[in-house]
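User: Hello! Please take a close look at one part of this model for me, the nonpolar surface, and then set it in the context of the whole chain.

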Amino acid sequence: ILIRAAQVLLGDVGAYGVAALSGTLDVDAVSVALAEGASRGATTIEVAARAIMVAAIVNTLVKAGMALVIGDRTLGLRCLALLGTAAGGAALVALGS
């Protein structure tokens, strides 16, 4: 419901914003909601795919931040390097599609 409301008010940017917000906690719920919306024609497959990528990227960066805060410096920096690279690669794929 929130994704659809955001899209009505803000267009596709609204879906990306809700996906980013949702990605701070979980990716599954927003992925299911966007997939269902695309299957019903409420959003395009392209917007749904990009929004799911946004949620996954944000979720990955949050996990890297958690490793920095909870783990020691070495673990945090290793996770940040690895997960940051993965998030950057995913962002490039999302922008290219």
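Analyst: Happy to. Helices here are DSSP runs of H or I with at least four residues, strands are runs of E with at least two, and both are numbered from the N terminus. This is a predicted model, where local features need pLDDT of at least 70 and side-chain atom pairs pLDDT 80 or more, while totals for chains, interfaces and linings use all residues. Residues are numbered from 1 along each chain as its sequence is written, and side-chain values use heavy atoms, without hydrogens or water.

Let's go straight to the patch. Met66, Leu68, Val69, Ile70, Leu77 and Leu80 make up a nonpolar patch on the surface, and together they offer about 570 Å² of accessible area (Shrake-Rupley, 1.4 Å probe, with only the protein chains shown as cover for residues). Helix H4 (45–70) and helix H5 (73–96) are the elements that each give two or more residues to this patch. H4 supplies the largest share, with four residues. Members of a patch have over 30% relative accessible area and no salt bridge (Lys or Arg side-chain nitrogen within 4 Å of an Asp or Glu carboxyl oxygen), and nonpolar side chains (Val, Leu, Ile, Met, Phe, Trp, Tyr) are joined within 5 Å.

Leu80, one of the patch residues, sits in helix H5. Leu80 counts as partly exposed because its relative accessibility is 36%, between the limits of under 20% for buried and over 50% for exposed (1.4 Å probe, protein chains only). Gly89 also has its place in helix H5 and is partly exposed, at 31% relative accessibility. The C-alpha atoms of Gly89 and Leu34 are 22 Å apart, with their positions 55 residues apart along the chain.

For a contrast, look at Thr43 in the loop that links helix H3 (28–40) to H4. Thr43 is buried, because its relative accessibility is 10%. Beyond its neighbours within four places in sequence, Thr43 is in contact (heavy atoms within 4.5 Å) with Gln7, Leu34, Gly37, Ala38 and Ala48.

Now the whole chain. The protein chain has five helices and zero strands, and its C-alpha atoms fill a box of roughly 45 × 25 × 20 Å along the principal axes. Of its 97 residues, 27% are buried. The protein chain exposes about 6000 Å², with carbon and sulfur atoms supplying 71% of that area. Among contacts with a separation of 6 or more, 57% join residues 24 or more positions apart.

Terms used:
Patch = residues over 30% accessible without salt bridge, like charges linked within 9 Å, V, L, I, M, F, W, Y side chains within 5 Å.
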